[in-house]
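Here are my notes on this one, point by point. Have the structure open while you read.

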Amino acid sequence: MPKTADHRTHLVLENYIGGKFVPFSRHIDSYDPSTGEVYCKVPDSGKDEVELAVAAAKEAFPAWAAWSPSDRAQVLHKLADLIEAHLEEFAQAESRDQGKTITFARTVDIPRSVYNFRFFATSVLHHTTECSQQDHLSCITYTIRSPVGVAGLISPWNLPLYLLTWKIAPAIAAGNTVVAKPSEMTSVTAWMMCKLLEEAGVPPGVVNIVFGTGPGAGDALVSHPEVPLISFTGSTATAQIITERSAPFCKRLSLELGGKNPAVIFHDADLEECIQTTVRSSFSNQGEICLCTSRIFVERSLYPEFLKRFVAAIRLWKTGAPCDSGNNNGALISREHLEKVRGYVKLAVSEGAQVHCGEGVDTLELPDRHRGGYFMAPTVLTGVEDASRCMQEEIFGPVTCVTPFDGEEEVIRRANSVRYGLAAVVWSRDVSRVHRVTRCLQAGLVWSNCWLVRDLNMPFGGMKCSGVGREGGRDSYHFFTEVKTITVKH
Ligand code: NAD
């Protein structure tokens, strides 16, 4: 139940609406995942706060839309510089709030948040529209693009500031104003960013942040009639609710959802590089990245050697206090999530699977202060049937399943036999095979002989239940603008 905030002992967040912090009386507890203790109070906003934020965003829209793209770009650059100047504070806060290691926050989350603003500040300057001549009719037809209005942005807890800025930056660069709702479990860095908006020159009302739960603040945003577009990153289950709630208003939706991502490893893979990368792709950020590998298919002739070396490499992957820069993994987001992830391992074991390392096999040595934290060691399962829930459902934690395969046709069929289609990895030195297999895999993103190499210009998103639409340089610009086709007879 929401409680009155204790201002003496906890960090207390406030909504940011119309360029001002707005104090609020009802709060949600936010936990430090590495200790299991409440350390922060997040506003439990609802309809009224969303109403105020939408009104502020609506009022700010015409003036902001009229700014030149290069003037807007200057503001985004300034905001990027300010976040970068406070990088260490942001990294410390993200690590504490989410449970991820300080190293990951320092090298991935916050630098990428900075880069999101820089990238969209420059990319928005280079878009052109289309033109078609019909000289025989004395007509010329061209398109124009305009910002849509107030964009509703909803983001998850795994990469908090990284994914929020991935939405805010293209939305405002294109001239929209926004009402954003970060995850109630990881709201701190969004609130810290609000403190920099005025100095960056963001006019009041252009960026509004309303904190709260999904069914509270999130639903109010999705079902607000004056928010014509929603960009959502989160689970497939929530996306289904958002789709239903926004349907009466015919809203434009961008949905970036879950995955059950395969890695397909052929006998001719560069094994050393493949193992190092597959450890990272399976366990980075505690396995709490939508792009993490969770099903590893290994060609049968390579399977025994792969498994032995993979498990040995995982034993070097350290899980412990997030503030210790020697650790590779920190804590999972919440006690409920930890129990859910452990539940999948229990289920697999009850179905006859073997656990090669991690849960139930290895003990974590944790400092006293972190005994109540939500830690789990990287876990490898074998002997899991393709039809098992562990091979079909998104676990979103440090668990991966390894299984042998015989032949291309079989592995393509099995890799595609899930409802998700976000990402896949193919390991082989045979160029023809790489092109053949990558083409057949049902995934919006396929890497070969690497993982998580990103060019923000390129489309990002999933097939099947992993999403609707794409994000990235041109795709985000198209999502956050309305196109109009104009024909002039001369
Ligand atoms: P979630 O769906 O529970 O929550 C995501 C956001 O939606 C949160 O801000 C939450 O408060 C809000 N929300 C929840 N119910 C809502 C409702 N009824 N109306 C409006 N908003 C609502 O997801 P999560 O647990 O925070 O994040 C993990 C999920 O996100 C995983 O499935 C993961 O794969 C996915 N994810 C996908 C991508 C991608 O780019 N495809 C990236 C990161 C995470």
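1. Let's begin with the ligand. In this predicted model, 28 residues surround the ligand. The closest are Glu 184, Ser 235, Thr 238, Leu 257 and Glu 394.

2. Which side chain puts an N or O atom 2.5 Å from an oxygen atom of the ligand? That is Glu 394. The backbone takes part too: a polar backbone atom of Ser 155 sits 2.8 Å from a ligand oxygen, and for Gly 214 a backbone N or O atom is 3.3 Å from an oxygen atom of the ligand. As for cover, the ligand on its own has 850 Å² of accessible area, and the protein covers 90% of that.

3. Now for strand 13, residues 252-256. Is this strand mostly covered or mostly open? Mostly covered, with 4 of its 5 residues buried. Strand 12 (residues 229-233) runs parallel to strand 13, and 5 bridges join the two. Between strand 12 and strand 13 comes helix 8 (residues 236-246), and the three together make a right-handed β-α-β unit. If you trace that unit on screen, note that Thr 238, one of the residues closest to the ligand, falls within the residue range of helix 8.

4. Strand 13 also pairs with strand 23 (residues 467-468), this time in the antiparallel sense and over 2 bridges. Leu 255 is a handy residue to click on here. Phe 232 stands opposite Leu 255 of strand 13, and Leu 255 in turn stands opposite Val 468 in strand 23. So you can follow the parallel pairing with strand 12 and the antiparallel pairing with strand 23 from one spot. As a reminder, strands of a sheet pair through backbone hydrogen bonds, either parallel or antiparallel.

5. Elsewhere, have a look at the open sheet of 3 strands, with the order 7-8-24 and antiparallel pairing. Why is one side of strand 7 (131-134) and of strand 24 (481-489) left without a neighbour in the sheet? Because strand 7 and strand 24 stand at the edges, each with a single partner strand. From one strand to the next, the twist averages 20°.

6. A last detail on that sheet. Strand 7 and strand 8 (residues 139-147) run antiparallel and are joined by 4 bridges. To find the register, start from Ser 132, whose bridge partner in strand 8 is Thr 141.

Technical notes
Residues numbered from 1 in each chain as written. Predicted model: local features only at pLDDT ≥ 70, side-chain atom pairs only at ≥ 80, totals over all residues. Heavy atoms only, no water. Pairing = 2+ DSSP bridges. Axes fitted to C-alpha atoms, helices over the stretch in contact; angles between N-to-C directions. Buried < 20%, exposed > 50% of the residue type's maximum accessible area, 1.4 Å probe, protein only. Right-handed = clockwise from strand over helix to strand, strands pointing away. Near = heavy atom within 4 Å. Polar contact = N/O pair within 3.5 Å; in protein donor to acceptor, adjacent residues only side chain to side chain. Areas by Shrake-Rupley, 256 points an atom, 1.4 Å probe, with all protein chains shown as cover.
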